[in-house]
Amino acid sequence: MESTLKQKLNEDLKQALKSRNQVRVSVIRLALSAAHNAEIARQAELTDGDILGVIGKEIKQRHESIEAFKKGNRQDLVDREEAEMAVLREYMPEQM
């Protein structure tokens with residue numbers, strides 16, 4: 001049985017492909033790929049909580065990249081990373 005979060009990611013990927021939203025397509029594919037790699041490493045299917053952990057790790061990586069790109073004065077890359085981080089945050093539960 002596939003997790004509901006994974007199903008949502010797959011559905012959103014189909015919608016992003018239909019609307020030709022390249023940022024969403026690449027970010028969702030990356031998140032699904034990271035989750036798939038985690039499943040292979042664990043040799044078990046991930047729960048929604050596990051997938052949220054994977055997405056959280058991806059957000060953290062974006063955050064670190066943004067800091068590095070700001071230091072390097074690369075606003076173009078900062079903007080791209082922030083756009084990707086915004087897509088990933090849509091899948092995280094609301095913060096208290």
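**View 1. K6 is a buried lysine in a predicted model**. The relative accessibility of K6 is 14%, so K6 counts as buried. Its salt-bridge partner is E39. The closest N and O atoms of K6 and E39 are 2.7 Å apart. K6 sits in helix 1 and E39 in helix 2, so the pair ties together parts that are 33 residues apart in sequence. E39 has a relative accessibility of 11% and therefore counts as buried. Side chains of opposite charge can pair when their charged atoms come close. A search of the whole structure finds twelve salt bridges.

**View 2. Helix 3 spans residues 48-71**. This helix has 24 residues. From its first C-alpha to its last, helix 3 reaches 35 Å. That is close to the 34 Å expected at 1.5 Å a residue. Its buried residues are I51, V54, I55, E58, I59, R62 and I66. What covers the buried residues of helix 3? The cover includes helix 1 (4-18), helix 2 (22-42) and helix 4 (75-89).

**View 3. R62 and E58 form a salt bridge in helix 3**. Their closest N and O atoms are 3.4 Å apart. R62 and E58 are four residues apart in helix 3, so about one helical turn separates them. Is R62 buried or exposed? R62 has a relative accessibility of 7%, which is under the 20% limit, so it counts as buried. E58 is buried because its relative accessible area is 9%, also under 20%.

**View 4. K60 and E64 form another salt bridge in helix 3**. The closest N and O atoms of this pair are 3.3 Å apart. K60 and E64 are four residues apart, so they are separated by about one helical turn. K60 counts as exposed, because its relative accessibility is 52%. E64, at 46% relative accessibility, counts as partly exposed. The exposed limit is over 50%, so K60 passes it and E64 does not. Elsewhere, salt bridges that share partners join E58, R62, R80, E81 and E84 into one network.

**View 5. E84 is a buried residue of helix 4**. E84 lies in helix 4. Its relative accessibility is 12%, so E84 counts as buried. Which residues does E84 touch, not counting residues up to four places away in sequence? The contacts of E84 are V23, V27 and R62. R62 belongs to the buried residues of helix 3. Both E84 and R62 are members of the salt-bridge network that also holds E58, R80 and E81.

**View 6. G72 lies in the loop between helix 3 and helix 4**. G72 has a relative accessibility of 48%, so it counts as partly exposed. How far apart are the C-alpha atoms of G72 and I51? They are separated by 32 Å, and the two residues are 21 residues apart along the chain. I51 is one of the buried residues of helix 3. Just after helix 3, N73 takes a positive phi of about 60 degrees.

Note on methods. Residues are numbered from 1 along each chain as its sequence is written. This is a predicted model: local features need pLDDT of at least 70, side-chain atom pairs count only at pLDDT 80 or more; totals for chains, interfaces and linings use all residues. Side-chain values use heavy atoms; hydrogens and water are left out. Helices (H or I, at least four residues) and strands (E, at least two) are DSSP runs, numbered from the N terminus. The expected span of a helix is 1.5 Å times one less than its number of residues. Buried means under 20% relative accessible area, exposed over 50%, partly exposed in between (1.4 Å probe, protein chains only). Contact means heavy atoms within 4.5 Å. A salt bridge is a side-chain nitrogen of Lys or Arg within 4 Å of a carboxyl oxygen of Asp or Glu.
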